[in-house]
Amino acid sequence: MTELTIALSKGRIFEETLPLLASAGIVPQENPEQSRKLIIGTNRPHIRLIIVRASDVPTYVQYGAADFGIAGKDVLIEHGGQGLYQPLDLNIARCRMMVAVREGFDYAAATQPGCRLRVATKYPDIAAEHFANKGVHVDLIKLYGSMELAPLVGLSDAIVDLVSTGNTLKANHLQAVEHIADISSRLVVNKAALKLKYAAIQPIIDAFAAVIEADEAA
Ligand code: AMP
């Protein structure tokens, strides 16, 4: 039997991936939210899951330490996608990449020619490209979490972050002022693994695709 390793992150992606795995007959033996294990077996002895940070999924797959994985488009844009085949948009963990500022902040004035906007974000490449396309000069401040805090304490004028329900922005008196991109999670497959382990991987891709088609038709 061909050994397969699948890279996933905990939380929303893991939860929303479970039905997809089930459609391919794969059931994890443990829940990573409860277990501290980083390698989790499945009901199929030759298939295992590795639990990694969301932004590390493309790296594990790129270098072949995992044969395939699931990663948000936000993470894939920042990673660059080298060495990865991206056959499917899984339509899970959907959200929007937005620019947000403090309520009452005059964003139009702050983005006039000649102004420099201070932008805090975990996504400097996405932010840089967005503001370059608009011709707005920015100073980018890289953060690793809780970007919503930055405008509240004067670290930045704006943030570029993911917004799902909008509750986090509202709770912190922030408002979205621009939509940069719709984000969802994608299947990423190591290009060499797809060739060498085609017979094992392609049926799983087909099972995932069938679930997505059925969801879209519903
Ligand atoms: P919400 O309050 O539902 O708008 O969620 C916003 C918070 O959750 C922000 O801190 C985001 O960085 C994070 N977030 C929302 N959607 C996602 C996602 N699909 N993947 C990772 N983080 C997300």
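Two strands pair if DSSP finds at least two bridges between them. The exercises below apply this criterion and others to a predicted model.

**Exercise 1. Strand order and edges**

Determine the order of the strands in the sheet and identify which strands stand at its edges.

Solution.
1. The sheet is open and consists of nine strands, in the order β2-β3-β1-β4-β9-β5-β8-β6-β7, with mixed pairing.
2. Strands β2 (39–41) and β7 (137–142) each have a single partner strand, so one side of each lacks a neighbour in the sheet; these two stand at the edges.
3. From one strand to the next, the twist averages 25°.

**Exercise 2. Pairings of β4, β5, β8 and β9**

State the sense of each pairing and the number of bridges for β4 with β9, β5 with β9, and β5 with β8.

Solution.
1. Strand β4 (residues 68–72) pairs with strand β9 (residues 174–190) in the antiparallel sense, over five bridges. Within this region, F68 stands opposite V189 in β9.
2. The pairing of β5 and β9 is antiparallel and extends over 13 bridges. Here I92 has S185 of β9 as its bridge partner.
3. Between β5 and β8 the sense is again antiparallel, with six bridges. The bridge partner of R96 is V163 in β8.

**Exercise 3. A helix on the sheet**

Which strands does helix α1 touch, and what angle does its direction make with that of β5?

Solution.
1. Helix α1 comprises residues 12–23 and packs on the sheet.
2. The strands touched are β1 (4–8), β3 (47–51), β4, β5 (84–102) and β9.
3. The direction of α1 makes about 150° with that of β5.

**Exercise 4. Two residues within strands**

Classify S185 and L117 as buried or exposed, and list their contacts beyond four places in sequence.

Solution.
1. S185 belongs to strand β9. Its relative accessibility is 1%, and because buried means under 20%, S185 is buried.
2. The residues touched by S185 are I13, I70, A71, G72, D89, L90, N91, I92 and A93.
3. L117 is located in strand β6 (residues 116–121). With a relative accessible area of 0%, L117 is likewise buried.
4. L117 is in contact with F105, Y107, A110, T111, F131, V136, H137, V138, D139, D157 and A158.
5. One of these contacts, V138, lies 21 residues from L117 along the chain, yet their C-alpha atoms are separated by 4.6 Å.

**Exercise 5. Positive phi outside glycine**

Locate N91 and H173, give their phi values, and assign an exposure class to each.

Solution.
1. N91 has a positive phi of about 60° although it is not a glycine. This residue lies in strand β5.
2. The relative accessible area of N91 is 30%, so N91 is partly exposed.
3. H173, also not a glycine, has a positive phi near 55°. It is found in the loop between α7 (167–171) and β9.
4. H173 has a relative accessible area of 52%; because exposed means over 50%, H173 is exposed.

**Exercise 6. A nonpolar surface patch**

Which residues form the nonpolar patch on the surface, and what is their accessible area together?

Solution.
1. The patch is formed by L149, L152, V153 and L155.
2. Together they have about 340 Å² of accessible area.
3. L155 is in the loop between α6 (149–152) and β8 (158–163).
4. At 35% relative accessibility, L155 counts as partly exposed. Membership in a patch requires over 30% relative accessible area, so L155 satisfies that condition.

Conventions:
Residues numbered from 1 in each chain as written. Predicted model: local features only at pLDDT ≥ 70, side-chain atom pairs only at ≥ 80, totals over all residues. Heavy atoms only, no water. Patch = residues over 30% accessible without salt bridge, like charges linked within 9 Å, V, L, I, M, F, W, Y side chains within 5 Å. Areas by Shrake-Rupley, 256 points an atom, 1.4 Å probe, with all protein chains shown as cover. Salt bridge = Lys/Arg side-chain N within 4 Å of Asp/Glu carboxyl O. Helix = DSSP H or I, 4+ residues; strand = E, 2+ residues; numbered from the N terminus. Buried < 20%, exposed > 50% of the residue type's maximum accessible area, 1.4 Å probe, protein only. Axes fitted to C-alpha atoms, helices over the stretch in contact; angles between N-to-C directions. Contact = heavy atoms within 4.5 Å.
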